Amino acid sequence: MRNRRNNAILWIVLLVVMIAGIGLLGWQNLTYAKQNPGGNDFLVYWTSARTFLMDGTNPYGAETTTRIQELAYGGAARPDQPSLRMVYPLYSLALFFPFALIPDFPTARAVYSTILELCLLLIAFFSVRLARWRVPPLELILYLALILFGFHSIQPLLDGNVSILVALLIVSALLALKNGGDALAGILLALSTIKPNVVVLLIAYLLIWSLLSGRRTLASYFAGAVFLMTLAAMLLMPD
């Protein structure tokens, strides 16, 4: 009885510490976002999702593009500046609808950045499990430092790039595939197409492998999920 009580207290303490840590991380991100403009990749998604939800404006249209450029540059983009227009599938905006409900961009960016940082930790954890790496404590510290503070983590965080979410979906799909969860893997791979240009070759390889190896569940669930997401997008915006 005493052991159960001690375990319950320990879990409560850990939960409180975790919530406090996430809260502190979010506060630091908010402070940074208010003092340092940026996050243009996230700005594209946030503005497109917000104008679509609030005004029904076409996220691919000139009006939305102009709004994004005004927020980022204070006016129309110069020829030497990125055009910052929505170019990804409409269903990708579904992930950003919760952030679009936050009217203040720095606050939305801070919440999004906090989630991306937690995603980096999950990527590190899932990657260790995927490789069955029995990592010594010192190497684990160095590994986490590389994951959290390496260039390929810091730059996407500053830009608000969705590639971190895509990476988590890919690693999760591979882990599910390794554990025999072909259906879940197919759905996760379908979700990773929110940025199709960075996953198309990997997905093509996995689909061909699944068909040749007799694990067609992966391909069927991937195709079904992409079809349903595309159909939902067409119903939302038929034109």
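In which helix does threonine 65 lie? Threonine 65 lies in helix α3, which spans residues 62–73. The model is predicted.

**Single residues in helices**

Threonine 65 has a relative accessible area of 5%. That is under the 20% cut-off, so threonine 65 is buried. Setting aside neighbours within four places in sequence, threonine 65 is in contact with Tyr60, Ser83, Leu84 and Arg85.

Serine 172 belongs to helix α8, residues 163–178. Its relative accessibility is 16%, and serine 172 therefore counts as buried. Again leaving out neighbours within four places in sequence, serine 172 is in contact with Phe126 and Leu188.

Glycine 21 sits in helix α1, residues 2–35. Is glycine 21 buried, partly exposed or exposed? Glycine 21 is partly exposed, because its relative accessible area is 37% and the partly exposed class lies between 20% and 50%. Leucine 146 comes 125 residues away from glycine 21 along the chain. The C-alpha atoms of glycine 21 and leucine 146 are separated by 20 Å.

**Helix pairs around α7**

Two packed helices are described by the angle between their axes and the distance between the axes. Helix α7 covers residues 151–159. Its contacts with α5 and with α6 are described here.

Helix α5 covers residues 105–131. The axes of α5 and α7 come within 9 Å. They cross at roughly 160 degrees. Angles over 145 degrees count as roughly antiparallel, so α5 and α7 are roughly antiparallel to each other. The crossing of α5 past α7 is right-handed. On the α5 side, the contact involves Arg109, Ser113, Leu116, Glu117 and Leu120. On the α7 side, it involves Ser153, Pro156, Leu157 and Leu158. By class, this contact of α5 with α7 holds five nonpolar, two polar and two charged residues.

Helix α6 covers residues 137–149. How do the axes of α6 and α7 cross, and within what distance do they come? They come within 5 Å and cross at roughly 35 degrees. Leu146, Ile147, Leu148 and Phe149 of α6 meet Phe151, Ser153 and Ile154 of α7. The contact of α6 with α7 has six nonpolar residues, one polar and no charged. Ser153 of α7 takes part in the contact with α5 and in the contact with α6.

**Salt bridges**

Side chains of opposite charge can pair when their charged atoms come close. How many salt bridges does a search of the whole structure find? The search finds two. The table lists them.

| Basic residue | Acidic residue | N to O distance |
|---|---|---|
| Arginine 78 | Aspartate 80 | 3.1 Å |
| Arginine 215 | Aspartate 182 | 2.6 Å |

Take arginine 215 and aspartate 182. Arginine 215 lies in the loop between α10 (200–212) and α11 (216–236). Aspartate 182 lies in helix α9, residues 182–191. The pair therefore ties together parts that are 33 residues apart in sequence. Arginine 215 counts as partly exposed, at 27% relative accessibility. Aspartate 182 is buried, with a relative accessible area of 9%.

Now arginine 78 and aspartate 80. Arginine 78 has 48% relative accessibility and counts as partly exposed. Aspartate 80, at 58%, counts as exposed, because the exposed class begins over 50%.

Terms used: Residues are numbered from 1 along each chain as its sequence is written. This is a predicted model: local features need pLDDT of at least 70, side-chain atom pairs count only at pLDDT 80 or more; totals for chains, interfaces and linings use all residues. Side-chain values use heavy atoms; hydrogens and water are left out. Axes are lines fitted to C-alpha atoms, for helices over the stretch in contact, and angles run from 0 to 180 degrees between N-to-C directions. Helices (H or I, at least four residues) and strands (E, at least two) are DSSP runs, numbered from the N terminus. Angles under 35 degrees count as roughly parallel, over 145 as roughly antiparallel, 65 to 115 as roughly perpendicular and the rest as oblique. A crossing is left-handed if the near helix is turned anticlockwise from the far one by less than a right angle, and right-handed if clockwise. Contact means heavy atoms within 4.5 Å. Ala, Val, Leu, Ile, Met, Phe, Trp, Tyr, Cys and Pro count as nonpolar, Asp, Glu, Lys and Arg as charged, and the others, Gly among them, as polar. Buried means under 20% relative accessible area, exposed over 50%, partly exposed in between (1.4 Å probe, protein chains only). A salt bridge is a side-chain nitrogen of Lys or Arg within 4 Å of a carboxyl oxygen of Asp or Glu.
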